[in-house]
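Here are my notes on the model you sent over, in numbered points. I start with the backbone oddities and then move on to the packing.

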Amino acid sequence: MNTKQRDLAAASALSATSAAGSGQLLAGSARVSDTPGRLILRAVALVVVYSALAVLYTWPLASHLGQGLISPLDPLDSVWRVARGQQQLLHAPAQLFNANVFYPFNRTYLFDELILGAAILALPFRLVTHNPLTIYNLAVLSSFVLSALGMYALSRRLGAHRAGAFAAGLIYAFAPFRLDHLPHLGLLSGQYFPLIIVLLDWLFAAPPAVARWRDALALAGALVMQALSAQYYAFYLVFVVGGFIVLRIVQDRLAGRWPARATWARALVAGGLAALLVAPVAVAYRSVQRDYQFERSANENALYSANLTSFVTADARNRVWGQVTKPFRMQGRYTPERNMFPGLLALLLALLGAATNWRNPLAQYLALLGLGSAALALGPGLYLTANPDTLIWSHMPYGFLLFRVPGFDSMRVPARINVLYGLSVAGLASLGLTWVLDRLAQTRLPRLSARALAAGAAALLIGVIGLECLNLPYPMTPIATGDRVPPVYRWLDQQPGAVVIELPFAISNSRNGELLNDRYQYFSLYYRQRVVNGSANVVPKGYKMLYYELQHGPTPRALAILQGLGVNQIVVHYDQLDASEVGRTRALLDRSGATTREAEFGADTVYRLAPSERFVRLRAMIPPTATVYLSKNDPLGTYGGMLGYVLGGDRIYTRVRVSFGGNYAGAPQAGARYDYGIFYRQDDPASAGFAHGHVIWEDDVVRVYAQATN
């Protein structure tokens, strides 16, 4: 399918769908009884049409389900997160947070964006395939379909006709800025937001005699799944749920009402149950970020905040608005994360819907949600454009949240709240389109002519909305699966007890480093061993220092550190090394008495790293209950961090910040007496109270002293 054919197919599908149904969606439709069979057929039709549109808008993704991704970066990382989460849920749920990457650190599944909700939702796909690419790509396509269906349901709850509801699903799922997030499965997984609003509205509007506990349980389930689908969305639930309840209380009080006790009981049970289920994940997630001192800077938040021009800016991939909005887009440093434009017709219909339905309580909520999310998307400061010199106001509401509310400092992209802005626009646009169609259906024409006019208008308007969403296709990146996985990984799967490190060792501070780490992490799905490499936002200091140790190749010191950490397999991808490093790396590994060449697979060579008995002896010499002083006089601190790992770390007093998963007992105190001291060759033991101590262990880097006995 070429680009022109794809555009025509999308327009035809949109127009045909709206034309076929719009005649039944107008003013008289409420008089037609909805039998169960009719409802099922309508639901099936919606699923089929939205699925077809998901394929069209993401083409050629559907033609590469099991062979490729739209990018080898974020999507490949998400493939691992979905597949690894599913593996743990099915086979070792108690060890869900402990992934096999970033050895020897713990809870490494929480080192990056949590998309556990997507992994859970995609579990049924494992019944038909174990290909992680297929499962991931189906999850991506499903997110569009489910988001559209959820928005359709919310729009019908608002009072929109089916044509308006269909258009709302189209806007919410496929708006230009939503398609910009095609590489981010977590951000695509906003399908629960509209369902949460529907369930909340039903809960607070239904008479106590009609409301059911299963509705409260459904609300709890939707809250849990939305919170687990993306870290950002877990925080946004505060605005969605909190804003709804506060506004509904105000609305009811103005009308002389008060929510019934049964309503509050169901709401509290839903919220409490959701909090209970999410709390273990949230606490562990926050604990990891605190332990590794992870936070986003105010500068990062400013860079990834929307500005005033963002609300009329689309990415260059957008066929209709990409070139038109280029002058606004290219002000300052550009990132698609800032785009907030949902399409011109969608905006106009939303304004019309808000103006004509301002007494509708649910419409009031959506309007306020849209305004509030737009304000928060602007980040800590209000800018006219992305140019830093266009600052208008530096005290926006998001700044308060960033510096005062725990958790907001872990999010770098305020503009991602555009999901709620898009939800608001879509819902209000459904009302705007409904108003237009009602006016057309009431024109002074014969009834059939009026209905035909309305049907034609529905088809035209929905078609225009759809065309405004069309993007240029992403180029697909082939990814190896199954038998095409490099043989070195299939060989590693047959090595029980292997602890692996892959070279070149990288940190994800550059595109090349991120590509390597995403690749290493993805292929770790195909063997059951632990691996030092990993890709994440949270990068422990010990991992970073290990990178610097290996910058000059596997030197004797670097190999000793790996031995102390328990690594026993080194995989070198010589085709990934610079030409100047190939010979040096081969020489270092071939001449080292600690390594032996064990297997070769083309450019991939596996070396066996023998364990070092000297670290075993060190561990045996120092009782676990002893206190240990660890010198910090090392340029990187990696060697001392490794010794802390060897000794367990619980009773070590040091100012070294490098560790490999353990916690030190604290900083040394002046005048304190320690049972053992670890000093580098250039240290004076007397400076830490070991003037009369004696050496019990040493290598070419450190000496270990025992305190002199009285």
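1. Arg107 sits in the loop between H3 and H4. Keep in mind that this is a predicted model. Its backbone deserves a look in your viewer: phi of Arg107 is positive, about 55 degrees, although the residue is not a glycine. Is Arg107 buried, exposed or partly exposed? With a relative accessible area of 25%, Arg107 counts as partly exposed, because buried would need a value under 20%.

2. Phe102 belongs to that story too, since it is in the loop between H3 and H4. Phi is near 55 degrees here, again a positive value in a residue other than glycine. As for accessibility, Phe102 comes out at 1% relative accessibility and so counts as buried.

3. Now the cis peptides. The bond from Tyr103 to Pro104 is cis, with omega near 5 degrees, and Pro104 is placed in the loop between helix H3 (74–91) and helix H4 (116–121). A cis peptide bond also joins Trp59 and Pro60, where omega is about 15 degrees. Pro60 is in the loop between helix H2 (36–57) and strand E1 (68–69).

4. On to helix packing, starting with helix H5 (residues 132–158) and helix H9 (residues 192–205). Their axes are 8 Å apart and the packing angle is about 30 degrees. Why call H5 roughly parallel to H9? The angle of about 30 degrees falls under the 35 degrees that sets the limit for roughly parallel, so the label fits. H5 passes H9 in a left-handed crossing. On the H5 side, the contact is made by Gly150, Met151, Ala153, Leu154 and Arg157; H9 brings in Pro194, Leu195, Ile197, Val198, Asp201, Trp202 and Ala205. By class, that contact has 9 nonpolar, 1 polar and 2 charged residues.

5. H5 has another packing partner, helix H6 (residues 162–174), at an angle of about 140 degrees and with the axes 7 Å apart. H5 and H6 are therefore oblique to each other; roughly antiparallel would take an angle over 145 degrees, so the pair stays outside that class. The crossing of H5 and H6 is right-handed. From H5, the contact uses Phe144, Ser147, Ala148, Met151, Tyr152, Ser155 and Arg156. They meet Arg162, Ala165, Phe166, Ala168, Gly169, Tyr172, Ala173 and Phe174 of H6. The residues of this contact divide into 10 nonpolar, 3 polar and 2 charged. Met151 is worth clicking on: it is listed in the contact with H9 and in the contact with H6.

6. Then there is the sheet. It is open, has 5 strands in the order E6-E5-E7-E9-E8, and its pairing is mixed. Which strands are at the edges? They are strand E6 (530–531) and strand E8 (595–601), each pairing on one side only. E6 pairs with strand E5 (residues 499–503) in the parallel sense over 2 bridges, and Val531 in E6 is the bridge partner of Val500.

7. Last, the helices on that sheet. Helix H23 (residues 556–565) packs on it and touches E5, strand E7 (569–573), E8 and strand E9 (604–609). The direction of H23 makes about 70 degrees with that of E9. Helix H24 (residues 579–591) lies across E7, E8 and E9, and runs at about 30 degrees to E9.

Key:
Residues are numbered from 1 along each chain as its sequence is written. This is a predicted model: local features need pLDDT of at least 70, side-chain atom pairs count only at pLDDT 80 or more; totals for chains, interfaces and linings use all residues. Side-chain values use heavy atoms; hydrogens and water are left out. Axes are lines fitted to C-alpha atoms, for helices over the stretch in contact, and angles run from 0 to 180 degrees between N-to-C directions. Helices (H or I, at least four residues) and strands (E, at least two) are DSSP runs, numbered from the N terminus. Angles under 35 degrees count as roughly parallel, over 145 as roughly antiparallel, 65 to 115 as roughly perpendicular and the rest as oblique. A crossing is left-handed if the near helix is turned anticlockwise from the far one by less than a right angle, and right-handed if clockwise. Contact means heavy atoms within 4.5 Å. Ala, Val, Leu, Ile, Met, Phe, Trp, Tyr, Cys and Pro count as nonpolar, Asp, Glu, Lys and Arg as charged, and the others, Gly among them, as polar. Two strands pair if DSSP finds at least two bridges between them. Buried means under 20% relative accessible area, exposed over 50%, partly exposed in between (1.4 Å probe, protein chains only).
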